[in-house]
Amino acid sequence: MQDFKRTKLETSYNSQRTEDFSIINGPTGTIKQSDHKFDEQASETSEYQENKSSSLKQPLPIIQQDIEKSEYESQIVESLADSYPGSEIKALIEQKKQRDHKPIYLNIMVVGQSGLGKSTFIDVLLKKKLGSGQIIRDSTLQIQEIQGLITQNDLTLNIKFIDTPGFKHQYSLRSWLKLLCGYIKNQFKSYQQRQNLQYESKEKFQQLSQQDLDERVHVCFYFFSGPRIQTEDLQALKKISGLVNVIPILAKGDSYTKNEIIQLKQQFNDMINEYHIDLFKCQCNNNFHEKSQFGSTTPYVIISSVEQFQIGNHLIYGRKFPWGICDIFNPQHSDLAILYKQLIGHYCLELIKLTNFLYNNYVQQEKQKLKLKQQNQSWLSNLINYLFNR
């Protein structure tokens, strides 16, 4: 009896599964119809593959063009090189190298009292260091510009010496300072005009920005002498140092003993600090080992002379004394060689950078003056209108 019930239950369960299967997959006729559609899709796919294989047998468009194989391969190589990672960086580096090869302009003004050897100082540097020929001149009566040039490998350094008349003999201190400051400001204005002009159009910008000219005064060598620091020199230094980098020079160094030079240096630096005069900080990196025997601080001790003497196989510039000949480029006698090496090798770019600061400071001051002038004119105009319209 129990076996009969179990067989009946299994029979009903199997019939239920058959009905469920037909619900999910559809009747038998539906399955055959789907198989027929699948056969049609398979035949279409095989036909497409045959057409594709036959189309691949046709010649490629690139081969139909009249391009030789070697030329085609070279074009592929060039395109690969241009798209190779890092090639754009290499191109940028090359452009930067070309920009770094632009010429450098260094403009040096030489000022001080008359008779301290300023013009001779310029002449001997032009002759000895720049090979521009010896220029012996009388006392300078007006501002003169003398050009020098240094070219080595990819470096081009344009040096312009600005020789100025001394005060006391030709000029009073006031008129002399007006002459010097006027020249420095005019150089600022010329530089400013060219900077503004290049922004008028793209064409002018490309033309003027490539010239990279710089007529501004980058450094002023101020010559003074002992046996004591004079008030006129301090007044002049105070005025000039606001417009240009100043490096002090103790002229006629052969007129003093070593102890006198050390005392003069100390006196000079004490008074500079007392008057709050901002001079150029003459500091070199550690690679420059040649130092003055007269102390590490400024001013530089200079002897100027265009006289030449034959010492053995060497021709030197110097001065003759009963005890012997003083070589102006000998570090034991003068700081001239040390000053030149430091100026070109260590101070040059720093002086140009600081000139940018002085120039921008001057431009801002001029804008403030113009703004104040316009305000005063506006105030005066309003006052006049008020008085006449009452």
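This report describes the strands, packed helices and aromatic contacts of one predicted model.

Local features are reported where pLDDT is at least 70 and side-chain atom pairs where it is 80 or more, while totals for chains, interfaces and linings use all residues. Residues are numbered from 1 along each chain as its sequence is written, and side-chain values use heavy atoms, with hydrogens and water left out.

**The sheet**

Six strands, in the order β2-β3-β1-β4-β5-β6, form an open sheet with mixed pairing; helices (H or I, at least four residues) and strands (E, at least two) are DSSP runs numbered from the N terminus, and two strands pair if DSSP finds at least two bridges between them. The edges are taken by β2 (144-152) and β6 (300-301), each of which pairs on one side only. The pairings of β1 and β4 are set out below.

| Strands | Bridges and direction | Facing residues |
|---|---|---|
| β1 (residues 104-112) and β3 (residues 155-163) | 7 bridges, parallel | Ile104 and Leu157 |
| β1 (residues 104-112) and β4 | 5 bridges, parallel | Ile108 and Val219 |
| β4 and β5 (residues 245-250) | 6 bridges, parallel | Phe221 and Ile247 |

Strand β4 (residues 219-224) is mostly covered, with 6 of its 6 residues buried, where buried means under 20% relative accessible area, exposed over 50% and partly exposed in between, for a 1.4 Å probe and protein chains only. In a regular strand the side chains alternate between the two faces of the sheet. In β4, Val219, Phe221 and Phe223 point one way, whereas Cys220, Tyr222 and Phe224 point the other way.

β4, helix α9 (residues 231-240) and β5 together make a right-handed β-α-β unit, the hand being right if, with the strands pointing away from the viewer, the path from the first strand over the helix to the second runs clockwise. Helix α6 (residues 118-128) packs on the sheet and touches β1, β2, β3 and β4, its direction making about 160° with that of β3; contact means heavy atoms within 4.5 Å, and axes are lines fitted to C-alpha atoms, for helices over the stretch in contact, with angles from 0 to 180 degrees between N-to-C directions. Helix α10 lies across β4, β5 and β6 and runs at about 150° to β5.

**Aromatic contacts**

A search of the whole structure finds 10 aromatic pairs, in which rings of Phe, Tyr and Trp (its six-membered ring) have centres within 6.5 Å, and planes under 30 degrees apart count as stacked, over 60 as edge-to-face and the rest as tilted. The rings of Tyr191 and Tyr359 are edge-to-face, because their centres are 5.0 Å apart and their planes stand at 85°. Tyr191 belongs to helix α7 (residues 173-197) and Tyr359 to helix α11 (residues 336-388), so this pair ties together parts that are 168 residues apart in sequence. Tyr191 counts as buried at 13% relative accessibility, and Tyr359 counts as buried at 9%. Phe224 and Phe268 form a stacked pair, 4.8 Å centre to centre with 10° between the planes, and this pair links strand β4 with helix α10 (residues 258-274) across 44 residues; Phe224 and Phe268 are both buried.

Phe188, Tyr191, Tyr359 and Tyr362 form one aromatic cluster. Arg216 lies over the face of Tyr191, at 4.0 Å from the ring centre, and the charged end of Arg216 also sits over the ring of Tyr359, 5.5 Å from its centre; a charge sits over a ring if NZ of Lys or CZ of Arg is within 6 Å of the ring centre and within 35 degrees of the ring normal.
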